[in-house]
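Q: I would like to go through this model with you, one point after another. Could we start with the empty space inside?

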Amino acid sequence: PAAKALGYVSDVKKVDPKTIPTHQAGAQCSNCVQLQGKVGDEWRPCNMFPKKLVHQTGWCKVYSKKAGAA
C-alpha cells in the first residue's frame, strides 16, 4: 500500500510523464538519498519502505537526489 501511494515503480522506464509530471530524466533509486545498503546491489533497503527492498532502477514520488550523484 505504501509503495502504491508513493507511486513506486521497480523500473523507472515505466514512469508515465503524463501521469507523473514531477519525474525528471535520470531520477531513480540508485541516486536517491533514501536508498540504503551496498552500492551496486540490484535490490536494496529504502528509508521510505521499512523491511522492504527496492530496485536500484526504481523510482517513487519521494525521490530526492543524493548530493554528488550524477
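Q: Which residues line the largest cavity?
A: The lining consists of Gln-28, Cys-29, Cys-32, Gln-34, Leu-35, Cys-46, Met-48, Phe-49, Val-54, Trp-59, Cys-60 and Tyr-63. A cavity is a set of points on a 1 Å grid over the protein atoms alone where a 1.4 Å probe fits but cannot get out, and lining residues have an atom within 4 Å of a point. This is a predicted model, in which local features need pLDDT of at least 70 and side-chain atom pairs count only at pLDDT 80 or more, while totals for chains, interfaces and linings use all residues. Residues are numbered from 1 along each chain as its sequence is written, and side-chain values use heavy atoms, with hydrogens and water left out.

Q: What is the volume of the largest cavity?
A: Its volume is about 80 Å³, taken as the space filled by probe spheres set on the grid points, which are joined across faces, edges and corners. A search of the whole structure finds one cavity of 30 Å³ or more.

Q: Gln-34 is in that lining; is Gln-34 buried or exposed?
A: Gln-34 is buried because its relative accessibility is 18%; buried means under 20% relative accessible area, exposed over 50% and partly exposed in between, with a 1.4 Å probe and protein chains only. Gln-34 sits in the loop between α1 (2-5) and β1. Helices (H or I, at least four residues) and strands (E, at least two) are DSSP runs, numbered from the N terminus.

Q: What is Gln-34 in contact with, beyond four places in sequence?
A: Pro-45, Cys-46, Asn-47, Met-48 and Val-62, where contact means heavy atoms within 4.5 Å.

Q: Turning to Arg-44, where does it lie, and which side chain of opposite charge is nearest?
A: Arg-44 belongs to strand β1. Asp-41 is the nearest such side chain, at 6.0 Å, and the buried Arg-44 has no salt bridge, that is, no side-chain nitrogen of Lys or Arg within 4 Å of a carboxyl oxygen of Asp or Glu.

Q: Which backbone oxygen lies 3.3 Å from a polar atom of the Arg-44 side chain?
A: That of Lys-38. Lys-38 is also among the residues that Arg-44 touches, which include Leu-35, Lys-52 and Val-54.

Q: And Lys-51, what is its phi?
A: Phi of Lys-51 is near 65°, a positive value in a residue other than glycine. Lys-51 is in the loop between β1 (43-45) and β2 (53-55), and it counts as exposed because its relative accessible area is 87%.

Methods
Lys and Arg count as positive and Asp and Glu as negative; His and the chain ends are not counted. A polar contact is a pair of N or O atoms within 3.5 Å; within protein, one must be able to donate a hydrogen and the other to accept it, and residues adjacent in sequence count only if both atoms are side-chain atoms. On a 1 Å grid over the protein atoms alone, a cavity is a set of points where a 1.4 Å probe fits but cannot get out, and a pocket is an open set with protein on both sides within 12 Å along at least five of seven lines; lining residues have an atom within 4 Å of a point.
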